[in-house]
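Biologist: Please take one part of this model and go through it closely. I would like the parallel sheet, what lies across it, and then the ligand site.

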Amino acid sequence: MKRIGVFTSGGDAPGMNAGIRAVVRTAAGLGVEVVGIRRGYAGMIEGEFVPLGPRDVANIIQRGGTILLTARSKAFLSEEGRAKAAEKLAEAGIQGLVAVGGDGTFRGAERLIEEHRIPVVGIPGTIDNDLYGTDYTIGFDTAVNTALDAIDRIRDTAASHERVFFIEVMGRFAGFIALEVGIAGGAEVIALPEVPVSPQEIADTITESFKKGKRSSIIVVAEGAYPGGAQALFKAVHGLTGFEARVTVLGHIQRGGSPTAKDRVLASRLGAAATRTLIEGTSGVMIGEVEGEITLTPLHDAVSKKKPINLELVDLARSLAG
Ligand code: F6P
């Protein structure tokens with residue numbers, strides 16, 4: 001391969017820039033040129049390409065977001081859109097791709113490989129940590145620490161006012177962020193899509209905790225744990241008990257900020273390994289890290305197999321909430 005492309009797609013995640021830097025510098029070390037594709041698949045269709053050399057990725061390892069911009073492209077969902085993208089890649093002499101993103105990104109990559117024989121290797125970039133084949137995704141650790149900082153602050157005011165707070169965290173259909181910040185933030189209840197908890201159970205837990213002398217509570221709610229999220233869950237609990245509470249939706253602050261050391265190292269490692277794997281001739285895989293080792297997982301498995309939540313941590317959270 002003489003020239004490869006790199007792009008970020010789907011929701012941005014802190015550490016994506018560290019991944020781009022690793023791709024560019026690893027490829028340069030192997031004598032391969034890199035082209036940055038702006039705005040994910042949307043930019044691929046429009047031919048928004050920029051040459052990236054080692055100096056172009058200086059000073060980005062610490063920056064949140066993605067210098068290449070990102071998008072969720074509707075046009076790429078159609079065969080025509082993908083054919084146009086393939087044409088633009090061929091015109092620019094791009095012979096393979098490193099795709100940084102989540103499940104939507106990898107589904108798109110599978111189509112490009114099947115329909116146009118363009119080699120693609122993925123690296124997992126999403127705060128949700130919901131990809132099979134890697135212990136952690138790039139951005140998850142930073143998002144957890146950002147959410148945790150917010151929860152610690154909310155706990156101060158919750159304790160001062162003797163209040164209950166329902167705090168909604170991101171994660172789409174997965175509860176990885178909620179479980180981690182719930183434990184680290186000492187939540188009384190953690191509501192996860194994988195382990196549903198009913199309004200009645202939450203009401204009982206709050207009642208019990210007040211009987212034990214607690215005067216404030218933090219309920220962490222994964223956005224996918226209850227239809228309508230934390231606000232609707234609070235309303236349901238309020239309907240049962242009349243409890244007063246405040247609801248905070250942390251939202252997109254979880255996607256921003258400078259990546260943690262852990263995310264920078266993970267992104268550097270995965271970006272470098274993905275580039276080598278692609279250049280050596282392998283396609284259709286996601287590079288992950290499992291128990292500290294670099295692993296290759298078919299893109300199809302990465303998006304179709306369900307990554308299990310750690311039930312031991314769910315039990316731990318319950319046992320420590322008392
Ligand atoms: O996949 C990352 C994520 O932040 C999810 O946690 C969340 O559900 C979604 O993206 C939000 O998407 P958008 O930025 O398009 O509102």
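Modeller: The sheet comes first, then its helices, then the ligand.

This is a predicted model, in which local features need pLDDT of at least 70, side-chain atom pairs count only at pLDDT 80 or more, and totals for chains, interfaces and linings use all residues. Residues are numbered from 1 along each chain as its sequence is written, and side-chain values use heavy atoms, with hydrogens and water left out.

Four strands make up an open sheet, ordered E7-E8-E6-E9, with parallel pairing. Strands (E, at least two residues) and helices (H or I, at least four residues) are DSSP runs, numbered from the N terminus. Two strands pair if DSSP finds at least two bridges between them. The edges are strand E7 (189-191) and strand E9 (246-249). Each has a single partner strand, so one side of each lacks a neighbour in the sheet. On average, neighbouring strands are turned by 20° against each other, direction ignored. Axes here are lines fitted to C-alpha atoms, for helices over the stretch in contact, and angles run from 0 to 180 degrees between N-to-C directions.

Now the pairing of E6 and E8. Strand E6 (residues 164-169) runs parallel to strand E8 (residues 217-222), and six bridges join them. One residue pair can be picked out: Glu168 has Val221 in E8 as its bridge partner.

Two helices lie across these strands. Helix H5 (residues 140-161) crosses E6, E8 and E9 and runs at about 170° to E6. Helix H7 (residues 199-211) lies across E6, E7 and E8, at about 160° to E8. Contact means heavy atoms within 4.5 Å.

Next, the ligand. Its surroundings are Arg72, Thr126, Ile127, Asp128, Met170, Gly171, Arg172, Glu223, His252 and Arg255. A residue is listed if one of its heavy atoms lies within 4 Å of the molecule. Polar contacts are pairs of N or O atoms within 3.5 Å. A ligand oxygen atom lies 2.8 Å from a side-chain N or O atom of Arg255. For Arg172, an N or O atom of the side chain is 3.5 Å from an oxygen atom of the ligand. Gly171 uses its backbone: a polar atom there is 3.1 Å from a ligand oxygen. The protein covers 75% of the 400 Å² of accessible area that the ligand has on its own. Accessible areas come from the Shrake-Rupley method with a 1.4 Å probe.

How values were computed
A polar contact is a pair of N or O atoms within 3.5 Å; within protein, one must be able to donate a hydrogen and the other to accept it, and residues adjacent in sequence count only if both atoms are side-chain atoms.
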